[in-house]
Amino acid sequence: MDVTLKTGGWPYGPMPPAKDQKENPATKAYADVLRAWLDQNPGVKLEAIEFDVWDQQALTTAVTGGTAPAFYPGNVLGGWNNAATKSAFVQGLAADVTALIEEYRFADKMADYVRPIWDSWQLDGAYYAAPQGFGAGNGVYYRRDLVREEGLAEPQPGWTWDDLATLAVGLTEGQRKGIALQAFGLEWWLNTEGWSLLTRVPAPATSWNWTYDYTSRADVWIDIVGKYRTLAFDDGAVLSDVSFADPDVTAAFSQGRVAMMPNNQFFMLGDPNTADTPGNLAKKLGKPINDVVGWIQHPVGTHGNIGNTQPFLTVLSFSPDLDEDALDKAMSLHDYMTFGDGYVDQKKAAYDATKDLQKVYTDPTPLRKDAEIEGVPGTLADAWGEQYAEAVRAAAAIPLLPAPDQYLPVEANQGPNETAEQDAQSRWMYERGDLDVRADLQKVEQTRNQQAESFTSSVSDEEFVAGAKEYFAALDAFWAEHAPEFSSQVFRPWYEQTVVPALAG
């Protein structure tokens, strides 16, 4: 049987050249395990093609045109939005791999903390991707050494945005600012008071099934915007720009221009020989990384809303044009590299070549149930420090918030965009002077509702109401269990006064 799997280089590329294998132990280890798998699967070859699997438009165009690589990141199909990704799945932009997921017993092989979020990727009993990587979520990096030098308290799980603001001010000194924030950073603060949840109201009597409400809780949003603007403009503790994305904040943090920055837990694991990584910063300071950098989950809201640290799963999708044999071989390779000997043997080779545990523990939350590697001493904490290991464990244990795409039927239409909301937040973050935030909120609400009137849901009213009732009931139960004060003070009153009547009709 001859099978050719075309690859854009991610996550599995063809056999590396001998020169690259000689120069890089990690490349040599990959080549060795790939060769072993190819020996077990005669007739299969990986063929490199020039393709950027991270370009959403290019990927969707290639899939619809039949020129996509054999495997690609499924999340990219929906622009990293789960609901949009699932919409792409049901439109046929990824192969149905349900039978292979069962055949390769992925559910039995994955770690317990992965299972709940993996189950949420099932669509009407079908899977259109395989699990590719698990993350405990976004959090905040901070300079442990500077916190100690300034006599400040290290952040702990359950800290608030007021705590973050106090710490940012305390770490601001001379040319160094307390924190760098991405251009969307203010939304994290707003979300811990319910922004993303309470501004969207079910409305089955309308064509789009949703309306937008930014004014009912205007006083809450105005207070948060005011606190942010005080921190940024009066205290001078924030480094940000309208163009700031992850690379900008990581560079500012690693270069010592700021003392804190938000990012996911994987940033800690960057190569110390590469610029703009915590390891490189610690190397320049001549200190162990655990003495220099800490990581902690996002702050919670005033009433205990669990905040923005939520587990996420990257998924690997496969071209719908693969025939049965090619699809099976592509899944077999993924199983081998993620759960099988390919994973284990690469870890062993990394340790044998370097004796460096940081080269082994490059994933703090692996998909595999068995994280220990026989023949490799030490743990994640030995490699990266107990503070980091414990913080990641705590973040991974944060309960998973019910998501609308788990309960509501998948929309064929994407609906109105968030440009008006994003423009308002950008104005609040970067425009100096006196602003009328209340007027901005009214404008956003008016604009989004006008946009919604031009869209028609692909879901029937009956299906929408049934799904929405389940979704909001799940949210009600979730907040009652995990954030009782947020439930009683914020969510439950809104739910009973706004959502229940809307869905009763």
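Against which elements do the buried residues of α24 pack? In this predicted model, the buried residues of α24 pack against α12 (195-198), β7 (200-203), β8 (209-212) and α25 (484-504). The legends below take up this helix and several other places in turn.

**View 1. Helix α24 and its buried residues.** Helix α24, which covers residues 461-482, is made of 22 residues and reaches 31 Å from its first C-alpha to its last, close to the 32 Å expected at 1.5 Å a residue. The buried residues in α24 are Phe464, Val465, Gly467, Ala468, Tyr471, Phe472, Ala474, Leu475, Asp476, Phe478 and Trp479. Among the elements that these buried residues pack against are the strands β7 and β8.

**View 2. Ala468, a residue of helix α24.** Ala468 lies in helix α24, and with a relative accessible area of 0% this residue is buried. When the neighbours within four places in sequence are left aside, Ala468 is in contact with Leu408 and Leu503. Gly8, by comparison, is separated from Ala468 by 460 residues in sequence and by 39 Å in space, taken from C-alpha to C-alpha.

**View 3. An aromatic cluster and two charges over rings.** One aromatic cluster is formed by Trp210, Tyr407, Phe464, Tyr471, Phe472, Phe491, Trp494 and Tyr495. Phe464, Tyr471 and Phe472 are also among the buried residues of α24. Over the ring of Trp210 sits the charged end of Arg200, 3.8 Å from the ring centre. In a second arrangement of this kind, Arg448 lies over the face of Tyr212, at 4.2 Å from the ring centre.

**View 4. The aromatic pair of Tyr113 and Phe134.** The structure holds 29 aromatic pairs, and this view shows one of them. The centres of the rings of Tyr113 and Phe134 are 5.0 Å apart and their planes are at 45°, so the pair is tilted. The pair links distant parts of the chain, since Tyr113 is in the loop between α7 (106-109) and α8 (115-119) while Phe134 is in strand β4 (residues 130-135), 21 residues apart. Tyr113, at 31% relative accessibility, counts as partly exposed, whereas Phe134 is buried, with a relative accessible area of 1%.

**View 5. Strand β10 and its partner β5.** Strand β10, residues 260-264, is mostly covered, and five of its five residues are buried. Both faces of the strand are covered, with Met260, Pro262 and Asn264 buried on one side and Met261 and Asn263 buried on the other. Strand β5 (residues 138-143) runs antiparallel to β10 and is joined to it by five bridges. Across these two strands, Asn138 stands opposite Asn264 in β10.

**View 6. Asn305 in its loop.** Asn305 is found in the loop between β11 (293-297) and β12 (312-318). Is Asn305 buried or exposed? With a relative accessible area of 5%, which is under the 20% that marks a buried residue, Asn305 is buried. If residues up to four places away in sequence are not counted, Asn305 touches Asn191, Thr192, Gly194, Val300, Trp479, Ala483 and Phe486. One of these contacts, Trp479, is itself a buried residue of α24.

**View 7. Salt bridges within helices α8 and α13.** Side chains of opposite charge can pair when their charged atoms come close. A search of the whole structure finds 22 salt bridges, of which this view includes two. In the salt bridge between the side chains of Asp119 and Arg115, the N to O distance is 2.9 Å. Both residues lie in helix α8, where Asp119 and Arg115 are four residues apart, about one turn of the helix. Asp119 is partly exposed, with a relative accessible area of 34%, and Arg115 counts as partly exposed at 36% relative accessibility. The side chains of Lys227 and Asp223 also meet in a salt bridge, at 3.7 Å from N to O. Because Lys227 and Asp223 are four residues apart in helix α13 (residues 218-234), they are separated by about one helical turn. Lys227 is partly exposed, with a relative accessible area of 33%, and Asp223 counts as partly exposed at 42% relative accessibility.

**View 8. The salt bridge of Arg393 and Glu386, and a network.** Arg393 forms a salt bridge with Glu386, and their closest N and O atoms are 2.8 Å apart. Arg393 counts as partly exposed at 44% relative accessibility, and Glu386 counts as partly exposed at 45%. Elsewhere, Lys28, Asp32 and Arg35 are joined into one network by salt bridges that share partners.

How values were computed:
Residues numbered from 1 in each chain as written. Predicted model: local features only at pLDDT ≥ 70, side-chain atom pairs only at ≥ 80, totals over all residues. Heavy atoms only, no water. Phe/Tyr/Trp six-rings, centres within 6.5 Å; stacked < 30°, edge-to-face > 60°. Buried < 20%, exposed > 50% of the residue type's maximum accessible area, 1.4 Å probe, protein only. Lys NZ or Arg CZ within 6 Å of the ring centre and 35° of its normal. Pairing = 2+ DSSP bridges. Expected span 1.5 Å × (residues − 1). Contact = heavy atoms within 4.5 Å. Salt bridge = Lys/Arg side-chain N within 4 Å of Asp/Glu carboxyl O.
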